[in-house]
Amino acid sequence: MTVPALAQALPPTSVQQPPQEHAGRPRVGLVLGGGGARGAAHIGVLEVLQELRVPVDCIAGTSMGALVTGVFAAGQSPAAMGQALAQANWDAMFQDNPDFYDMSYRNKRLSQVYVPGSELGVTDKGLEYAPGVVSGQKIKAFFNELVRDDRGERQIQNLPIPIALIATDILTGDRVVMREGSLSQAMRASMSVPGLMAPVERDGTKLVDGGLVDNVPIDIVRQLCKPDIVIAVNVGSPLLKADQIKSLVSVSAQMVNILTEQNVKQSLALLTPADIYIQPDLTGISAGDFKKSATTTQRGREAALKVADRLEKLAVGEAQYASWQARIDAPVPPPVRVDAIEIVGLEHVNPADVSRLITQEPGQPLDTAALNADLLRVYGEGFFESVDYSLLRERDRNILRVTPIEKAWGPDYLRFGIALLTDRSTGSTYALRAAYHKTWVNPLGAELLATAQIGNSMGAGLDFYQPLDAGQAYFLETAVSVRRDFLWLFQNDNKVAEYSIIESNAAVSLGARIGTLGQARIGYRQTYKRGDLSIGSPVLPEYSINFGGVFAAIDLDRNDRIYQPRNGWAAQGSYFVADGKGYSKLVAELRGATQIGADWVVQARASYQGSPTGELPIYDVADLGGFLNLSAFARKQLLGDNATYAGLRIERILGEMPLGMRGDMRLGLALEIGKFGRLYTETQRTGWQNSVGIYFGGETPIGPVFVGYAYSPSSGYANAYLLVGVP
């Protein structure tokens with residue numbers, strides 16, 4: 001049920017009356033205000049109320065206060081709640097996608113080439129943006145666990161104590177008071193910070209953070225259970241000082257703080273001398289400091305103890321408090337046996353594409369941890385703005401209803417990417433890329449991807465991907481592309497020529513999906529390639545060649561992050577047999593990463609490019625050189641046949657991206673070696689070449705960003721780099 005802010009009183013019939021345990025004592029209403037991570041202070045207040053044996057008869061909460069309100073009313077003790085908040089990985093929770101290895105293969109590769117946050121929906125209404133940086137997929141799953149929705153969806157009106165959770169109708173600006181319906185959904189709605197988290201659709205409205213209209217809902221708690229005394233806890237962020245307002249982000253934060261403080265002043269004016277007001281000292285703790293939940297809880301405890309003399313007057317005897325506590329601490333029912341599974345609410349996506357990722361078996365008890373992991377993998381397919389579940393009881397049967405919500409701005413998208421590279425040897429290059437991605441062209445999940453790129457390297461392509469079964473275990477893919485690039489030829493560390501390379505490809509392949517790990521395929525590829533001399537001696541050769549052949553490829557990826565993993569591995573391999581050209585080409589690469597302690601990551605990579613039969617021709621060569629590919633040398637400075645490479649990177653994690661953004665910044669040392677069986681350029685560099693490099697950078701919202709310097713002790717050659725985006 002929703003109630004507009006203009007309504008000054010709830011309808012008398014909607015007021016839930018708690019049992020008459022308050023007889024002989026004052027009725028107590030508790031108000032828990034919003035404040036983001038600062039709301040963990042509420043847990044400390046609840047701990048003191050518990051120790052002093054102060055029962056409460058109703059609670060109203062906003063934002064983080066709504067979270068604490070809902071979890072407490074659902075039966076979690078303050079201690080258990082504090083432990084859950086302290087153990088939660090808040091950095092991961094504000095990143096909707098699963099670990100990179102649990103994303104679908106196609107979504108992985110798209111995310112690496114095109115900036116994930118650049119996705120625009122192409123609809124009949126024009127271009128549409130995602131409603132928030134975070135859709136709240138992991139946050140909602142966390143709330144489900146906290147209130148035990150896996151034992152049956154908790155309804156606000158059925159809780160043992162009357163509560164009200166506050167949100168804002170983003171369409172009208174009205175206050176919305178939630179006293180019925182899904183508890184976890186109401187908690188999520190009350191915490192939806194505009195712009196950061198997507199609004200929640202509930203009862204025909206779009207709801208965002210309740211702090212915008214009523215951050216300390218004192219009047220609501222008075223209506224909720226007619227308390228004699230109100231305990232109000234205010235954890236809101238104070239207004240920024242002049243020297244703290246230095247950016248657009250800080251200006252936006254100040255605007256929200258001003259709106260919040262205005263409604264807080266109005267609410268606090270409703271307090272009477274009999275009421276108890278608690279405002280913890282949260283100096284140094286911001287709304288985003290979720291990792292400081294233990295410290296924040298202690299601050300709340302200290303603030304409550306300062307008014308302990310007044311709180312003690314509300315205490316009851318052990319027996320009376322035990323009776324109240326027993327009603328709050330309802331026993332946790334055993335795991336529910338799932339009799340049937342339903343996938344509902346889909347318009348474009350085939351339900352089979354969802355059900356193939358659900359491992360829960362009908363007739364077995366619900367495995368909550370496995371289900372949450374499964375739903376995250378479903379979300380990682382890239383087609384949904386949220387994936388949730390509910391447990392329903394129908395005719396003595398327990399129905400697990402999975403409810404994926406397709407992206408309102410899909411199923412067709414525009415995507416964008418950027419690549420900027422500057423190195424000492426070849427100067428600066430740039431590329432801007434865009435793609436039109438049409439998904440679910442037919443019920444089997446066909447996709448059309450049209451790409452274009454401008455810059456020093458220019459090109460266009462068209463890819464059509466057609467699954468052959470509803471579960472998308474097998475697929476047929478056809479692709480055509482054309483690309484123009486430039487290649488410098490080096491000899492004795494000097495640029496001796498520049499070639500303009502035009503390459504067009506047409507390929508068809510039959511493949512098999514290997515879960516979320518990757519895919520394997522076989523096919524036929526035809527290539528036309530022309531190399532025109534742009535700069536250099538006219539005696540240097542040019543070429544124009546058509547060649548084709550059968551190929552096989554496998555691509556596996558178990559890394560945990562899009563660009564810069566902390567843990568995981570990846571393996572790629574391809575084998576191409578050229579028709580009538582007398583050669584074949586094998587390309588193989590293995591990468592691995594492991595985190596050591598909290599601050600160190602070690603990465604290793606080994607690769608081979610060569611010709612098992614014949615010899616690689618000049619138009620289809622192996623190459624080394626470029627950032628983290630024998631970094632001391634320029635990009636593709638070394639060309640030849642049978643190239644072997646090995647690299648080791650030792651990285652120190654210096655910091656992480658702000659809340660809601662994936663990635664970290666690292667300082668790294670790269671040790672690399674490489675060798676060719678035969679060199680076509682830099683022909684004097686026989687034997688193993690080496691490179692020692694240092695770099696700073698990491699994964700950012702626009703892709704990897706690095707600056708680095710590398711030196712080759714074996715040759716005395718050096719290079720410096722600035723890299724932004726994906727080459």
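**Exercise 1. Find how many disulfides the structure holds, and describe what they join.**

*Solution.* A search of the whole structure turns up one disulfide, counting as such a pair of cysteine sulfur atoms within 2.5 Å. Before going further, note that this is a predicted model, in which local features need pLDDT of at least 70 and side-chain atom pairs count only at pLDDT 80 or more, while totals for chains, interfaces and linings use all residues. Residues are numbered from 1 along each chain as its sequence is written, and side-chain values use heavy atoms, with hydrogens and water left out.

Step 1: name the partners. Cysteine 58 is joined to cysteine 225, with 2.0 Å from S to S.

Step 2: place them. The link spans distant parts of the chain, 167 residues apart: cysteine 58 sits in strand E2 (residues 58–62) and cysteine 225 in helix H8 (residues 218–225). Helices (H or I, at least four residues) and strands (E, at least two) are DSSP runs, numbered from the N terminus.

Step 3: read the handedness. The angle about the S-S bond is -50°, and the link of cysteine 58 and cysteine 225 is left-handed.

Step 4: check the cover. Cysteine 58 counts as buried because its relative accessibility is 0%, and cysteine 225 is buried with a relative accessible area of 0%. Here buried means under 20% relative accessible area, exposed over 50%, and partly exposed in between (1.4 Å probe, protein chains only).

**Exercise 2. Follow helix H5 to its salt-bridge partner.**

*Solution.* A salt bridge is a side-chain nitrogen of Lys or Arg within 4 Å of a carboxyl oxygen of Asp or Glu.

Step 1: look at the helix. In H5 (residues 105–113), eight of the nine residues are buried; among them are Tyr105, Arg106 and Arg109.

Step 2: find the partner. Arginine 109 meets aspartate 555 in a salt bridge, 3.0 Å from N to O. The pair links distant parts of the chain, 446 residues apart, with aspartate 555 in strand E21 (residues 543–557) and arginine 109 in helix H5. Both aspartate 555 and arginine 109 are buried.

**Exercise 3. Compare the cover of the two partners in the salt bridge of arginine 301.**

*Solution.* The count for the structure is 45 salt bridges.

Step 1: identify the pair. Arginine 301 and glutamate 51 meet through their side chains at 2.8 Å, N to O. Arginine 301 belongs to helix H10 (residues 293–306) and glutamate 51 to helix H1 (residues 41–51), so the pair ties together parts 250 residues apart in sequence.

Step 2: classify each side. Arginine 301 counts as buried because its relative accessibility is 19%, whereas glutamate 51, with a relative accessible area of 47%, is partly exposed.

**Exercise 4. Trace the pairing of strands E16, E17 and E18, and find the aromatic pair there.**

*Solution.* Two strands pair if DSSP finds at least two bridges between them.

Step 1: start with E16 and E17. Strand E16 (residues 447–455) and strand E17 (residues 458–467) run antiparallel, joined by seven bridges. Two residues separate them in a hairpin, and glutamine 453 stands opposite glycine 459 in E17.

Step 2: move on to E18. E17 and E18 pair in the antiparallel sense over ten bridges, with tyrosine 465 opposite glutamate 477 in E18. Their hairpin has six residues between the strands, and glutamine 472 takes a positive phi near 55° there.

Step 3: look at the rings. Rings of Phe, Tyr and Trp (its six-membered ring) pair if their centres lie within 6.5 Å; planes under 30 degrees apart count as stacked, over 60 as edge-to-face and the rest as tilted. The structure holds 19 aromatic pairs by this rule. The rings of tryptophan 90 and phenylalanine 142 are edge-to-face because their planes stand at 80°, with centres 5.8 Å apart. Both tryptophan 90 and phenylalanine 142 are buried. Back in the strands, tyrosine 465 and phenylalanine 475 form a tilted pair, 5.1 Å centre to centre with 40° between the planes. Tyrosine 465 lies in strand E17 and phenylalanine 475 in strand E18, and both residues are buried.
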